[in-house]
Amino acid sequence: MTGILTAVKTNCYHCGDECEPNLYPADNKQFCCQGCENVYQILSGSGLCSYYQYNDHPGATRDKLNKRFEYLDEQSILNELLDFHDERISIITLYIPHIHCSSCLWLLEQLNRFNPGIHYARVDFLKKRLVVRFDHQKISLRGVVELLFDIGYEPLISLQDIIKKQQRTEKGNLVQRIAVAGFCFGNVMLLSFPEYFGLSGFEQNFRHFFGYINLAFTLPVVFFSGREYFTSAWNNLKKKVLNIDFPLALGIAVLFIRTTAEVLTHTGAGFADTLCGLVFFLLFGKFVQQKTYHHISFERDYRSFFPVAVQTLENGMEKPLPLAVLRPGHRILIRHNEIIPADAILLKGPALIDFSFVTGESVPVGKTLGEIIYAGGRQTSESIELEVIKPVSQSYLTQLWNNEAFTRKRDNRMRTFNETVSKYFTVILIVIAFSALLAWGFTDLRRGIDAFTAVLIVACPCALALSTPFTMSAALSIFDRNLFYLKNTSVVEQLAKIDTLVLDKTGTITTGNTRNAELQSQLNDDQIRQIYSACANSMHPLSRMICRYFGEQERLPVSDYTETPGQGITARVKGSELRIGSGKLLFGNYHETADMTRVHLMIDGEYLGYFGFKHEYREGMEQVSALEPEYQLYLLSGDQDQERRELLRYFRDSSHMRFGQSPQQKLDFIAELQQQGKKVMMLGDGLNDSGALRQSDLGVAVTDNVNNFSPGSDAILDGRSFDKLPAFLRFSKDTVVIIHLSFLISLTYNMIGLSYAVTGKLSPLIAAVLMPLSTATIISFTTLATHFTAKRRKLL
Amino acid sequence: MSIIYFLIGSSVLLALVFLGAFFWAQRTGQNDDLYTPSMRILLEDEQPEEKKSDRNQI
């Protein structure tokens, strides 16, 4: 478009962003901004330049320079954040989103070289966490955090530090129980082999010796490793529910009792090996099911998005105040890039609020003095003063969390296949066991009891209990590879039952910031340079998009520059008067057509045309809309209906699109669909979708970066995989079929076992072979079948 | 063949020691982070006094 080529670009030594050469040079290295250069200076001053050797451009770009950690001096906040502290030592775990390469690891573990007050710093790379132990008499927590900020690793500190409190104890305990079960299983197997191969006459005294040792090994397996099956079965029985734990507990108990009886009376070898193997495999299945994503949090609410404290003004003095004690009437000071934590009235300063976290809309909104600003917006221009009118938890946005959908426990939303089937399974099992007892009992009581116990042992639904966890965890890792992260394995089954999809618009089906800019105007090079120079002064996203559209241009001197929030720019460039912005700014009164956002251009009173900005829909919107009529599709948007016409091609008709919905209305709409008996999956991205995500049968948060904030949900979908959504849905149905098939397989094994068992002649060897064999079959079948179907759905 | 009593006794005892060691490792959090050490080992130990970093520069 223009013939002017500017100097060759270079990359910032610190962060790798493209930048103009010689803006911020230091030591023959180029930096894109003051921030990056500062980090380099600090590091080179401490002799830590190896940071740059491990990786190219390891740093994060540093566009903000002012640090605000005054609130870390507040003792009450400190007490909440620190893991441990005594008179000298404090320990804190910080979450640092920027940790991404070995340079980060190296630098962060050298923190003590910046300040000897820091004793120890250790990184957990996958969880992006840093544990720091420091002497708080030499360096305060604020000092530590500021140091981290200075070297480019700003920790994310929020009141809802769930990542810290994620279930640690549960998993640790399970590993120990598996260890004990595995240990006993191995030893018992070893001691059982002589029995299998037969012992000669003079070795008979070993038989009893091995029996007693085996019995000793089953004790920890039953009472330590397997205890939870008894407690769970008992709790469910009290609630009059028959879940899979009941036949399992029954099987374990019968195995144990029969083994004890046989060993003590010297009548047989017992089933110690089957018992240990059963518990070991069961626990292993549990372990596989408990896959956790350390770097993703599914439980976030507004508290993890809001700051810990806010600056308040009291008699002209600034003082940090924790959000929990913020009351109506407090005067708060919100600076550039800070979030407004409660509904408040604007008292002073130019407010230009970015509500992208709340609504997904990335264009900031201007507010005038006296206007109410809702919580959740981010101030994008200078400092403003506000008066709080509602406490944090009662604000327009946050009161959503007081809704019943958030307080209600959600464990029994959908019955899993396992739950349904195990009820019937248990009943049939008990019926068979008792009929075997009765059939033999009248003629031969001894044989009747043998048959009764053998049925309960052989039909113990080990393979059934394992089929779901193994299939699900295989499916989970397939989803995971395709950037679709599920909260836990039961979500896969929920996914298979979905019949209705509700989509949010902004941020979910449109990509956050990228819009198509379209120039409806003929401009000469001079005019382009003038418009570019004016827009280059503005931080408004639309201005920046205009600059990007023109590419690198020569910047002309600009005078009389004014930017009216929500309207546009007026400026004088090279003697010409420029007006760039909304129709209102240019013509005084102008009715915008609603199909797209327009930025009009005027130079010296002459109207030159406009820039049109259209939302760009995510790739794969066609595929998703092709899910109709198998699935019903709805659109639920907080925005007005400018794009109704464009969106109509994706949705069946206008009745399937709702615009201008408040967060509460979104929630209600989902509840309404559910009352019609639909299983609803909601896809959303902003805090305003939180209620709907929570209410729906399956809430999916769509995000462009999984480490960024996403509202609480059952699953997180990376925007890049949006087009795979239909494949995900189909694949989840395949998974359920696989579970059904593996159930059939395990039933077959049960039948074979039962045919031995009802005769009362179950030898320990058959039980010991059958159980691991069925388990191995199930595990290999589910794993192979899942991978095969994943390939068929092109997910692998 | 009575030696088998002694052999089994000592093998179980030894296995118990290993089980105990595993419990200890688990309790003290040695298995909490299984990934970072694999990266840490590739980083060089350097002392701030010696300017080794210059030598690394190619």
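This text leads from the contact between two chains to a set of paired strands and then to some backbone features of chain A. The structure is a predicted model, and what is said below about angles, bridges and contacts is to be read with that in mind.

The contact between the chains draws 20 residues from chain A and 19 residues from chain B. On the side of chain A that touches chain B, two or more residues come from each of helix 2 (51-54), helix 4 (102-108), strand 7 (118-124) and helix 7 (169-197) of chain A. Of these elements, helix 7 of chain A gives the most, with six residues. Sorted by character, the residues on this side of chain A divide into eleven nonpolar, seven polar and two charged.

Further along chain A, strand 12 (residues 344-348) has pairing partners in strand 15 and strand 17 of chain A. With strand 15 (residues 372-373), strand 12 runs antiparallel, and two bridges join them; in this pairing, A:Ile345 has A:Ile372 as its bridge partner. With strand 17 (residues 384-388), strand 12 pairs over four bridges, again in the antiparallel sense, and here A:Lys348 is matched with A:Glu385 of strand 17.

The remaining features concern the backbone itself. As background, most residues other than glycine have a negative phi, and most peptide bonds are trans. Against that background, A:Lys128 has a phi near 55 degrees, which is a positive value in a residue other than glycine. A:Lys128 sits in the loop that links strand 7 to strand 8 (129-135) of chain A, and strand 7 is also among the elements that give residues to the side of chain A that touches chain B. Is A:Lys128 buried or exposed? A:Lys128 counts as buried because 21 other C-beta atoms lie within 10 Å, where the cut-off for a buried residue is 20 or more.

A:Lys794 also has a positive phi, in this case near 60 degrees, and is likewise a residue other than glycine. A:Lys794 is placed in the segment that comes after helix 27 (764-792) of chain A. Its surroundings, however, put A:Lys794 in the exposed class, because 10 other C-beta atoms lie within 10 Å, and a residue is exposed if that number is 12 or fewer.

The last feature is a peptide bond: the one leading from A:Glu628 to A:Pro629 is cis, with omega near 0 degrees. A:Pro629 belongs to the loop between helix 22 (621-625) and strand 26 (632-636) of chain A.

Key. Residues are numbered from 1 along each chain as its sequence is written. Chains are lettered from A and ligands numbered from 1 in the order in which they are written. This is a predicted model: local features need pLDDT of at least 70, side-chain atom pairs count only at pLDDT 80 or more; totals for chains, interfaces and linings use all residues. Two residues are in contact if their C-beta atoms, placed from the backbone, lie within 7 Å. Ala, Val, Leu, Ile, Met, Phe, Trp, Tyr, Cys and Pro count as nonpolar, Asp, Glu, Lys and Arg as charged, and the others, Gly among them, as polar. Two strands pair if DSSP finds at least two bridges between them.
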